[in-house]
Amino acid sequence: MTDAPDLDGPRRLPDDGLPVRRLVVLLHGYGADGNDLIDLGRFWQALLPDAAFIAPHAPEPLPFAGFGGRQWFALSERTPAEYRIGAEAARPVLDRFLDMVLAEFALKDDALALFGFSQGAMMALQCGLRRSRPPAALLAYSGLLPGADRLQGVQTESPVLIVHGEDDDVVPSYHAAVASDALSGAGVETDLHELPGLGHSIDDRGVTLGGRFLQDAFSGRP
């Protein structure tokens, strides 16, 4: 993974030429790409008019012929060990991208929020909890916490929002409570929402929760 190319993906910049003062990075799920999430910027830009939204494509193509999606790391066994090892291996590539894009806009980590869906949620937590300078917020939707039993030494300053559908048949919803309990036990401020009637997706409730969470997380910045 250290030899992987630099990440790139669609962007949504502030309207009317406003300077970028906040950055929200959107991490897609397994088999998708950055185009799957960039429209979240359209919904949240009204709340965060000076934010840039960037949705990088994951570094690896899917290993299946004829599929154009991407993956942050390979999935075959779908075991806790595979999630942890894969997320650990992919983290340096994402860290490098975050450093590059923060430098591009002359921002620090306290102006950064990481949003992830499914496998992207694993990466948001894996990377965000271990940044040397804490991001403003971490948002994990329909995912899980890699290495939930290995949180010693993680930074505890970034608040975490966990949103998960109760009817998720891809990543069962019990993973949300496991993550919330582990993070809270490690001293991380965690807000958990399990949404009735929702499967493995994001609905209007999740968009609203995320927008409010981002507003609150960035409210301490000028």
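Leu125, Ala140, Ser142, Gly143, Leu144, Ile162, His164, His175, Ala176 and Ala179 line the largest cavity in this predicted model. Strand 8 and helix 4 are the elements that each put two or more residues into that lining, and helix 4 gives the most, with three. Sorted by class, the lining comes out as six nonpolar and four polar residues, with no charged ones. The space inside comes to about 40 Å³, and the structure holds just one cavity of 30 Å³ or more.

Next comes the packing. In soluble globular proteins, nonpolar side chains tend to be buried together. Here the largest nonpolar core has 46 residues, and Leu23, Phe73 and Leu94 are the ones touching the most other members. Plenty of elements chip in at least two residues apiece, among them strand 2 (22-27), strand 6 (112-117), helix 3 and helix 4 (174-185). Helix 2 tops the list with nine residues. A second, separate core of 26 residues takes in Trp44, Ala113, Leu161 and Val207, among others.

Leu23 itself has a good list of partners: setting aside neighbours within four places in sequence, Leu23 is in contact with Ala52, Ile54, Val101, Leu102, Leu107, Ala111, Leu112, Ala113 and Phe218.

Then there is Gln126, which sits in helix 3 (residues 119-128). Its relative accessibility is 4%, so Gln126 counts as buried, the cut-off being under 20%. Not counting residues up to four places away in sequence, Gln126 touches Ala87, Glu88, Arg91 and Pro146.

Definitions and conventions:
Residues are numbered from 1 along each chain as its sequence is written. This is a predicted model: local features need pLDDT of at least 70, side-chain atom pairs count only at pLDDT 80 or more; totals for chains, interfaces and linings use all residues. Side-chain values use heavy atoms; hydrogens and water are left out. Helices (H or I, at least four residues) and strands (E, at least two) are DSSP runs, numbered from the N terminus. Buried means under 20% relative accessible area, exposed over 50%, partly exposed in between (1.4 Å probe, protein chains only). Contact means heavy atoms within 4.5 Å. A nonpolar core is a set of buried Ala, Val, Leu, Ile, Met, Phe, Trp, Tyr and Cys residues joined through side-chain atoms within 4.5 Å. On a 1 Å grid over the protein atoms alone, a cavity is a set of points where a 1.4 Å probe fits but cannot get out, and a pocket is an open set with protein on both sides within 12 Å along at least five of seven lines; lining residues have an atom within 4 Å of a point. Grid points are joined across faces, edges and corners, and a volume is the space filled by probe spheres set on the points. Ala, Val, Leu, Ile, Met, Phe, Trp, Tyr, Cys and Pro count as nonpolar, Asp, Glu, Lys and Arg as charged, and the others, Gly among them, as polar.
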